[in-house]
Amino acid sequence: MDANLDEALAVFTAVRPRLFGIAYRMLGSASEAEDLVQEAWLRWQGTDRTVVEEPAAFLATATTRLAINALQSARVRRETYIGPWLPEPVDTSADPTLGAERAEALGFAVLVMLEKLTPTERAAYVLREAFAYDYPQICDIIGVSEASARQLVSRARKHLAGERRREVSQAEQRRLLTAFVSAAQTGDLAALERLFAEDVVSYSDGGGKVRASKFPVHGRVTVAKFVRAFHTHFWAGVEVIEADSNGQPSVLLAKEGTVFAVLTVVASTDGIDQVLWMMNPGKLGAASARAA
């Protein structure tokens with residue numbers, strides 16, 4: 001029995017990064033993804049593994065179906081969430097693609113857009129675009145026909161394409177983020193306005209647990225004034241630590257060794273389109289471990 005369990009654990013451990021990558025992209029929450037992967041392990045333990053021909057496929061299927069169910073209940077909770085909801089940041093410095101073949105469906109802006117898809121559309125898109133599953137595999141995992149699987153992916157692609165802008169390179173994102181932090185620290189209104197796209201939006205996710213704007217702030221001039229308004233007290237004694245979160249440049253903001261925010265920007269050729277302040281203490285664990 002112990003030998004069988006050791007073998008089961010070895011199989012599970014080998015595919016665990018992929019399972020977490022699927023669950024995280026589905027839920028946008030590292031803590032919920034960890035719980036879900038643990039549930040997949042319990043199911044694997046309780047399965048007659050002698051009849052499972054492809055353990056990796058079995059585990060991916062179990063994880064995806066658990067995620068679809070979890071997403072349906074998560075959406076009910078998010079309807080009562082205080083202020084803007086942003087994905088829980090994950091540190092991707094060691095694993096830029098987070099267990100996938102591609103970093104797709106990992107960036108903050110795309111994860112927010114994925115919230116608008118149905119759970120099955122989201123699952124089909126994640127499996128196809130991030131993990132390169134073929135359509136027969138996707139229809140087996142989700143439990144739909146191949147034609148339906150293709151339609152789900154197509155609908156998801158069209159929806160996202162309609163909302164996405166052409167993002168700039170990682171190096172340019174880092175440059176803009178660094179310039180933004182510098183201008184924010186000094187309250188340089190003109191510098192902030194130069195960095196922003198005309199329709200820039202600032203989102204602050206405090207989850208009702210810390211002081212943060214409960215509404216998105218829109219527009220170049222308004223966002224610049226908003227950032228300047230709190231610069232004197234917000235940045236005092238703050239350590240700024242460069243990081244890679246969700247496959248894109250970010251900074252961890254810490255006071256006395258404790259990370260209290262993850263800050264990143266989403267940028268296009270027009271400049272910074274979104275400023276994202278992740279400040280909910282319950283969402284910072286997966287991104288701030290490296291700063292400890």
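This text walks through a sheet, the helices packed on it, and three salt bridges. The model is predicted.

Start with the sheet. Six strands build it, and the sheet is open. Their order is β2-β1-β6-β5-β4-β3. The pairing is mixed. In general, strands of a sheet pair through backbone hydrogen bonds, and they do so in a parallel or an antiparallel way.

Now look at the edges. Strands β2 (217–218) and β3 (239–245) stand there. Each has a single partner strand, so one side of each is left without a neighbour in the sheet.

Move inward to one pair of strands. Strand β4 covers residues 248–255, and strand β5 covers residues 258–268. The two pair in the antiparallel sense, over five bridges. Find Ala 254, and you will see Val 259 of β5 opposite.

Next come the helices on the sheet. Helix α8, residues 170–186, packs on the sheet. Helix α8 touches β1, β3, β4, β5 and β6 (271–278). The direction of α8 makes about 30 degrees with that of β4. Helix α10 lies across β1, β2 and β6. Relative to β1, α10 runs at about 45 degrees.

Turn to the side chains. The structure holds 11 salt bridges. Here are three of them.

One joins α10 to the sheet strand β1. Arg 220 and Glu 198 meet through their side chains in a salt bridge, at 2.7 Å from N to O. Arg 220 lies in helix α10 (residues 220–229), while Glu 198 lies in strand β1 (residues 196–205), so this pair ties together parts that are 22 residues apart in sequence. How accessible are these two partners? Arg 220 counts as partly exposed, at 24% relative accessibility. Glu 198 has 54% relative accessibility, so this residue counts as exposed; the cut-off for exposed is over 50%.

Another sits within a single helix. Arg 43 and Glu 39 both belong to helix α2 (residues 30–45). They are four residues apart, about one turn of the helix. Their side chains meet in a salt bridge of 3.6 Å, N to O. Arg 43 is partly exposed, with a relative accessible area of 43%. Glu 39 is partly exposed too, with a relative accessible area of 33%.

Finally, take Arg 122 and Glu 115. They form a salt bridge, with the closest N and O atoms 2.7 Å apart. Are these two residues buried or exposed? Both Arg 122 and Glu 115 are buried. Buried means under 20% relative accessible area.

Note on methods. Residues are numbered from 1 along each chain as its sequence is written. This is a predicted model: local features need pLDDT of at least 70, side-chain atom pairs count only at pLDDT 80 or more; totals for chains, interfaces and linings use all residues. Side-chain values use heavy atoms; hydrogens and water are left out. A salt bridge is a side-chain nitrogen of Lys or Arg within 4 Å of a carboxyl oxygen of Asp or Glu. Buried means under 20% relative accessible area, exposed over 50%, partly exposed in between (1.4 Å probe, protein chains only). Two strands pair if DSSP finds at least two bridges between them. Contact means heavy atoms within 4.5 Å. Axes are lines fitted to C-alpha atoms, for helices over the stretch in contact, and angles run from 0 to 180 degrees between N-to-C directions.
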